[in-house]
Amino acid sequence: MATDTAVRQWRRNPSLLSGAAILGLLIVVALVAPPLLSGSAETLTDDARLGPGAGHLLGTDAFGRDVLARALVATRLTLLMAAAATAASFVVGVAIGALVHLAPGWLRETCLRLIDSAVAFPSLVLALVIAAVLGPGTGSAIVAIAVAGVPGFARLTANLAATVADKDYVLTARLLGVPGLRILGRHVLPNISGPLLVLLSSSFTLSLLDISSLSFVGLGVQSPQYDWGRLLNEALPSIFAQPSIVLAPSIMLIVTGVGAMLLGDGVASLVDPRTRGTAPAPARTADAAGPAAPAQDGAAQAPQALQASGGAGAASGTEPDGLLTVAGLTVRAGDRTLVDDVSFTIGAGQIVGLVGESGSGKSTIAMAVAGLLPEGVRANASRLALGDLDLLGTPPERRLATEIGIVYQDPIGTFNPALRLGTQLTEVARVHLGTPRRQAAQDMVRALADIHVTEPGRRLRQHPHELSGGMLQRASIASAMTTNPRLLIADEPTTALDVTVQAEVLRQFRRINREHGTAMLFISHDIGVVGVLCDTVLVLHGGRVVDRTTGGDLRRGTVTHPYTRALLAATPAAVEAGGTLSAVRWTADADAAQPSGAPSDDLSDTAADRPPAAEGSR
Ligand SMILES: Nc1ncnc2c1ncn2[C@@H]1O[C@H](COP(=O)(O)OP(=O)(O)OP(=O)(O)O)[C@@H](O)[C@H]1O
């Protein structure tokens, strides 16, 4: 079965097939030509400078040696030198790039600038300088080309690693306390392997040409050894009288280069799990299947589906003890304040929502709570704690990993595309709870079934790209709940999903909240969704809390703060209810600014003037 799949993948990959065929043929030549053809390639005869003919297809050189035989015998040394130089550049370059990526900010920037300068220097010129310093010879040519190739690999590795570093699955690994080197090996390098392999193949071609160039100018292979560059060097004096003498090494160089590039392209698409084409992606209908009936249609379905259930905290009508305490949280990037003096608490079983326009600081607050702020961004607070766990200091990784779960906006970006779901979903249980692999898999199958993922056993063997967005989001909720965390942070968890899947995902949040008493910090642009799910809602604007209200007030539309009213007026639900869709035009210091169609109000109705909806309102 696996063999059939492998054969199909190869058949569907003409670059891989043709590149492998060409390089395979060259390897055969490199293996068999020296023992079979060394005689005619190296024995001096009186048949000097013969033209192409029956005895010698491409003629003979000035010493009567067969030109074609020499080119074929030279294949072994040429390929070995190019491969050795490329392998050395690859290993050293990737290692340097990875270390640079892990280095602290100032050192990384310095190293990157140095690498950039090295890349800007032409590799052949650099190789010529190194070869001239080391002296002519096969070894020095390999070293020179290898050194010249290092900066390219180092830069690509460091740059690509930086693009993967802010992916959700890397953030999650950081939250779980996975060491930097392990994150690099497990999450970063596998996901940048495609471009690195393409560079490997083009670097092999470049090494081949550079090594041949060094030999051609007399700094590489020395007589009596010969590679294709050395053959071109020897043919130079007679190139006009006997042009056929340069044909064989030139053609061999071109064919090898083309073969390497084709193979590189083919391997790059083969290692990318998204283009492997394994099992077909599940049908969309499977996503909505499951014991809970999906909402019928329309944006209003999600809120309606949840309204009936009511909020745990809201139903109690009491303010639960603060499990998460955020007091005076301020987050800065350099001299820019991203979040300004934000305070709130979340009790066990309570859901607190953060709403606000894009850029108002919602995700920054969540990341500050989880200790996942990006480099250069610093959080300060008079208190930031989850129960007895001080989140401002350096909390024990194990506790962070098990007491906070995160569900991100983009279910596809949440998972490492290079790893099967089973490996990723059971990692926390295996690594942090010490659960045996088989038991962790069985537990996860149950957890996925609980959250209405169909065929959970099969899902664990699939890669993320083989599941729909809704199914992946449910898998990420199941994953976040593995340790039964005290706090679940959901950062726009439904934004990337269509409305029917949204409703189901929201139902799952509600169920988890009620069954496990999990405290939740729920972030959304969608004020309607926040209204039906959350007990307490903080409205953010420009990094500050401008209003505190309740889900009930949002649902009933009985909010009084002008900005919150402006947000409500800007939701499609307001239009469905007969209102006018308005753009939000409120600013903290422009009391006249109102959404069009919204009743006039002034800014005296600040959070301080309102009864606190959550403990610690500022
Ligand atoms: N690493 C960073 N360095 C500097 N500024 C940042 C950084 N990350 C975010 N910001 C800024 O912080 C502010 C708040 O961003 P944040 O992502 O928290 O907003 P948000 O309300 O979650 O927006 P969205 O809903 O679009 O995700 C924005 O102005 C953003 O440009």
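Among contacts between residues at least 6 apart in sequence, 70% join residues at least 24 apart. The model is a predicted one. The protein contains 27 helices and 11 strands, and 50% of its 618 residues count as buried.

The largest nonpolar core comprises 165 residues. Within this core, the residues with the most contacts are Ala141, Leu329, Val369, Ile489, Leu521 and Phe522. Helix H3, spanning residues 67-102, gives the most to this core, with 16 residues. In soluble globular proteins, nonpolar side chains tend to be buried together. The surroundings of Ile489 were examined without its neighbours within four places in sequence; on that basis, Ile489 is in contact with Ala366, Val369, Ala370, Ile404, Ile406 and Leu521.

Leu521 and Phe522 lie on opposite sides of strand S9. Of the 5 residues of this strand (residues 519-523), 5 are buried. One side carries Ala519, Leu521 and Ile523, the other Met520 and Phe522, and both faces are covered. S9 is joined to strand S3 (residues 351-356) by 4 bridges, and these two strands run parallel; here Leu354 stands opposite Ile523. S8 is joined to S9 by 5 bridges, again in parallel orientation, and Ala490 has Phe522 as its bridge partner in S9.

Helix H22 (residues 469-480) has 12 residues, which at 1.5 Å a residue should span 16 Å; the C-alpha atoms at its ends are 16 Å apart, in agreement with that value. Because 11 of its 12 residues are buried, H22 is largely enclosed by the rest of the structure. The buried residues of H22 include Met471, Leu472, Ile477 and Ala478, and also Gln473, Arg474, Ser476 and Ser479. The loop between H22 and strand S8 (487-491) contains Asn484. Asn484 has a positive phi, near 50°, in a residue other than glycine. This residue counts as partly exposed, with 13 C-beta neighbours inside 10 Å.

The shell around the ligand was considered next. Of the 13 residues around the ligand, those that come nearest are Ala333, Ser358, Lys362, Ser363 and Thr364. By class, the shell consists of 4 nonpolar, 8 polar and 1 charged residues. Helix H15, covering residues 362-370, gives the most to this shell, with 3 residues.

Further local features of the backbone were found in other elements. Asp341, placed in strand S2 (residues 336-347), is a residue other than glycine with a positive phi, near 55°. Asp341 counts as partly exposed, with 16 C-beta neighbours inside 10 Å. The peptide bond from Ser223 to Pro224 is cis, with omega near 15°. Pro224 is found in the loop between helix H9 (193-216) and helix H10 (228-235).

Asp388 is found in the loop between strand S5 (383-386) and strand S6 (389-390). With 6 other C-beta atoms within 10 Å, Asp388 is exposed. Asp388 and Leu324 are separated by 64 residues in sequence, whereas their C-alpha atoms are 9.5 Å apart in space.

Note on methods: Residues numbered from 1 in each chain as written. Predicted model: local features only at pLDDT ≥ 70, side-chain atom pairs only at ≥ 80, totals over all residues. Near = placed C-beta within 6 Å. Nonpolar A, V, L, I, M, F, W, Y, C, P; charged D, E, K, R; others polar. Core = buried A, V, L, I, M, F, W, Y, C linked by C-beta atoms within 7 Å. Buried ≥ 20, exposed ≤ 12 C-beta atoms within 10 Å, placed from the backbone. Contact = placed C-beta atoms within 7 Å. Expected span 1.5 Å × (residues − 1). Pairing = 2+ DSSP bridges.
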